[in-house]
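Biologist: Could we go through this model together? I would like to take a few residues in turn.

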Amino acid sequence: MPVTPVPVSPGVALVTGAGSGIGAAVAASLAKARYTVVCAGRRADRVAEVAGAIRAAGGAASAVPLDVRASDQVEAAVAGVAEEYGRLDVLVNNAGVFRKGEILTLSDEAWRETLDANLTGAFNCARAAAGLMAGQEPVAGKRGHIVNVNSGAGLRGYPTGAAYSASKFGLLGLSDTLRQEVADHLVKVTDLVVAAMVESELSNRIVADRLPASVVGELVRSLVALEGPAVVTRLDLGQLPPAAP
């Protein structure tokens, strides 16, 4: 009887904010594509639960508690991935917070927390991951791929969203700059703009017809599957309006 070849893993992926919503869906989708997934997030119990579900479904996953705002924690987490797996092929910068408030009443704490988590955290992770990726052997014509999960708030501001929009506009600029700086190292950078209502803990608004978080997971899986020099620099995920009754 012919022997069915065992699919080869495309590599190792680190997903931040993997304890729920989009992050958990991205981790599950990459695991289905046979990536070894490192689920990272501040809530140790939640990322451990997501990693356990992936393993129960036949995938390869581990969990690491991580506060992306702390650069020392990020450096240690990336170093741990390198030590355990030898390389890092994909970073998905998904960790973030949403603090709503009009500018005239927005507190210093809410402003700092949003910028620290959504922008500085992404910077910390991208810097550490790109540094590792740049020195490893290329696979399928690339050394690594960084996907920054952005928002429609990164393209336009809106009332009560000053801190969130500022952080996401900054993420767009970070993505554009990083992409140019690491291109010669065969590291790709994609800014994934989720401008649709997706199932997530970031917003508690009651909205019908939210897209399942798995939609974003499938998009990320498709983005990182591109081999060679091809890269989607920015992808905008929108949503059709509800059908008329």
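Biologist: Where is Asp184 found?

Modeller: In this predicted model, Asp184 sits in the loop between helix 5 and strand 6 (187-194).

Biologist: Is Asp184 buried or exposed?

Modeller: Asp184 counts as exposed, because its relative accessibility is 74% and the exposed class begins over 50%.

Biologist: And how are Asp184 and Ala134 placed?

Modeller: They are 50 residues apart along the chain, and their C-alpha atoms are separated by 9.0 Å.

Biologist: Let us turn to helix 4. What span should helix 4 have, and what does the model give?

Modeller: Helix 4 covers residues 108-133, which is 26 residues. At 1.5 Å a residue it should span 38 Å, and the end C-alpha atoms are 36 Å apart, so the two values agree.

Biologist: Where is the kink in helix 4 centred?

Modeller: The kink is centred on Asp116 and amounts to about 35°.

Biologist: Now Ser167. Which helix is it in, and is it buried or exposed?

Modeller: Ser167 belongs to helix 5 (residues 162-182). Its relative accessibility is 0%, so Ser167 counts as buried.

Biologist: What polar partners does the side chain of Ser167 have?

Modeller: The side chains of Ser167 and Asn118 are joined by a polar contact of 3.2 Å. In addition, a polar atom of the Ser167 side chain lies 2.7 Å from the backbone oxygen of Tyr164.

Biologist: Which residues is Ser167 in contact with, leaving aside neighbours within four places in sequence?

Modeller: Those are Thr114, Leu115, Asn118 and Leu119.

Biologist: On to cysteines. How many disulfides are there?

Modeller: The count comes to zero.

Biologist: Why is there no bond for Cys39?

Modeller: The closest cysteine sulfur to that of Cys39 is in Cys125, 14 Å away, which is too far for a bond; a disulfide needs the sulfur atoms within 2.5 Å.

Biologist: Are these cysteines buried or exposed?

Modeller: Cys39 is buried, with a relative accessible area of 0%. Cys125 is also buried, at 2%.

Biologist: One last topic, backbone angles. What is notable about phi of Arg34 and of Thr160?

Modeller: Arg34 has a positive phi of about 75° although it is not a glycine. Phi of Thr160, likewise a residue other than glycine, is positive and near 75°.

Biologist: Where do these two lie?

Modeller: Arg34 is in the loop between helix 1 (21-32) and strand 2 (36-41), and it is partly exposed at 40% relative accessibility. Thr160 is in the loop between strand 5 (144-151) and helix 5, and Thr160 is partly exposed, with a relative accessible area of 22%.

Methods. Residues are numbered from 1 along each chain as its sequence is written. This is a predicted model: local features need pLDDT of at least 70, side-chain atom pairs count only at pLDDT 80 or more; totals for chains, interfaces and linings use all residues. Side-chain values use heavy atoms; hydrogens and water are left out. Helices (H or I, at least four residues) and strands (E, at least two) are DSSP runs, numbered from the N terminus. The expected span of a helix is 1.5 Å times one less than its number of residues. The bend at a residue is the angle between axes fitted to the seven residues ending there and the seven starting there. Buried means under 20% relative accessible area, exposed over 50%, partly exposed in between (1.4 Å probe, protein chains only). A polar contact is a pair of N or O atoms within 3.5 Å; within protein, one must be able to donate a hydrogen and the other to accept it, and residues adjacent in sequence count only if both atoms are side-chain atoms. Contact means heavy atoms within 4.5 Å.
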